[in-house]
Amino acid sequence: MEPTKPLEQHRWLQQLVGEWTMEGEADMGPGEPTSHSTGTESVRMLGELWAVLEGQAQMPAGGDTGHMRMTLGYDPDRQAFVGNWVGSMMTLMWVYQGQLDPAGKVLTLDTEGPSFAGDGRTVRYQDVITLVDANTRTLHSQTLGEDGQWKRFMTATYKRQ
């Protein structure tokens, strides 16, 4: 088996490498105040093909520190970015497949998971990474509502240290 040579999409992931601080906010549901958090993230490459993002942040309502890990790569056979996300606060591994916008600034990662309603349904989610500039990026998470509209429930801004 020949080693895979990095493509343009793999090089795109290298922009994420570095040490970052994070400020975020999350919608905690109807009638609840918005939750604010701060954290850090360290991003490294695994070879030239995979980005590994490891972060930590204070959980809402004075909870413990949450630890998160995301992996991102590009699969030329699927012609899609692929990856996953796990966190110390849940047992679900979120599995991604996504696309980069034509401008090369917005990576939209599609996934599925349990409905926030706790009714046993599986619903669609997206994590969207936007490169604002060389030292700033955002991540927002949204879910597809029954009305067919995406509803944002979390936004985080990352600044390179």
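Strand 3 and strand 4 run antiparallel in this predicted model, and eight bridges hold the two together. One of the facing pairs puts Val 52 opposite Thr 71 of strand 4. On its other side, strand 4 (residues 65–75) meets strand 5 (residues 80–87), again antiparallel and again through eight bridges. Thr 71 turns up here too, standing opposite Asn 84 in strand 5. The link between strands 4 and 5 is a hairpin with four residues in between, and Gln 79 in that turn has a positive phi of about 50°. Strand 4 is mostly covered, with eight of its eleven residues buried.

Zooming out, these strands belong to a closed barrel of ten, ordered 1-2-3-4-5-6-7-8-9-10 with antiparallel pairing. From one strand to the next, the twist averages 25°. As for what links neighbours in such an arrangement, strands of a sheet pair through backbone hydrogen bonds, either parallel or antiparallel.

Strand 1 (residues 18–26) shows where the barrel closes, as it pairs with strand 2 (residues 35–46) over nine antiparallel bridges and with strand 10 (residues 150–160) over seven, also antiparallel. Glu 23 has Thr 38 of strand 2 as its bridge partner, while Trp 20 is matched with Arg 160 of strand 10. The two faces of strand 1 are easy to tell apart: Gly 18, Trp 20, Met 22, Gly 24 and Ala 26 make up the covered face, and Glu 19, Thr 21, Glu 23 and Glu 25 the uncovered one.

Further along the chain, strand 8 (residues 122–133) and strand 9 (residues 136–144) pair in the antiparallel sense over eight bridges, with Leu 131 standing opposite Arg 137 of strand 9. Strand 9 also holds Thr 143. Thr 143 has a relative accessible area of 12%, so it counts as buried, the cut-off being under 20%. Its contacts, leaving out residues up to four places away in sequence, are Val 123, Arg 124, Tyr 125, Gln 149, Trp 150, Lys 151 and Phe 153.

Then there is the packing. The largest nonpolar core has 28 residues, and Leu 13, Leu 16 and Leu 72 have the most contacts inside it. Leu 72 touches both Leu 13 and Leu 16; its other contacts beyond four places in sequence include Leu 49, Trp 50, Leu 53, Val 82, Leu 107 and Ile 129.

Tyr 96 is another residue that Leu 72 touches. Tyr 96 lies in strand 6 (residues 94–100) and is buried because its relative accessibility is just 3%, against a cut-off of under 20%. Besides Leu 72, Tyr 96 touches several residues of more distant sequence position, among them Met 70, Phe 81, Asn 84, Trp 85, Leu 109 and Asp 127. Tyr 96 and Ala 80 sit 16 residues apart in sequence, with 9.5 Å between their C-alpha atoms.

Finally, the open space. The largest pocket contains about 1000 Å³. It is lined by 41 residues, of which Trp 85, Met 90, Ser 141, Phe 153 and Met 154 are the closest to its centre. Among these, Trp 85 is also a contact of Tyr 96, and Phe 153 is a contact of Thr 143. Strand 3 (residues 50–58) gives the most to the lining, with six residues.

Terms used: Residues numbered from 1 in each chain as written. Predicted model: local features only at pLDDT ≥ 70, side-chain atom pairs only at ≥ 80, totals over all residues. Heavy atoms only, no water. Pairing = 2+ DSSP bridges. Axes fitted to C-alpha atoms, helices over the stretch in contact; angles between N-to-C directions. Core = buried A, V, L, I, M, F, W, Y, C linked by side-chain atoms within 4.5 Å. Buried < 20%, exposed > 50% of the residue type's maximum accessible area, 1.4 Å probe, protein only. Contact = heavy atoms within 4.5 Å. 1 Å grid on protein atoms, 1.4 Å probe; cavity = no way out; pocket = protein on both sides within 12 Å on 5 of 7 lines; lining within 4 Å. Points joined across faces, edges and corners; volume = space filled by probe spheres on them.
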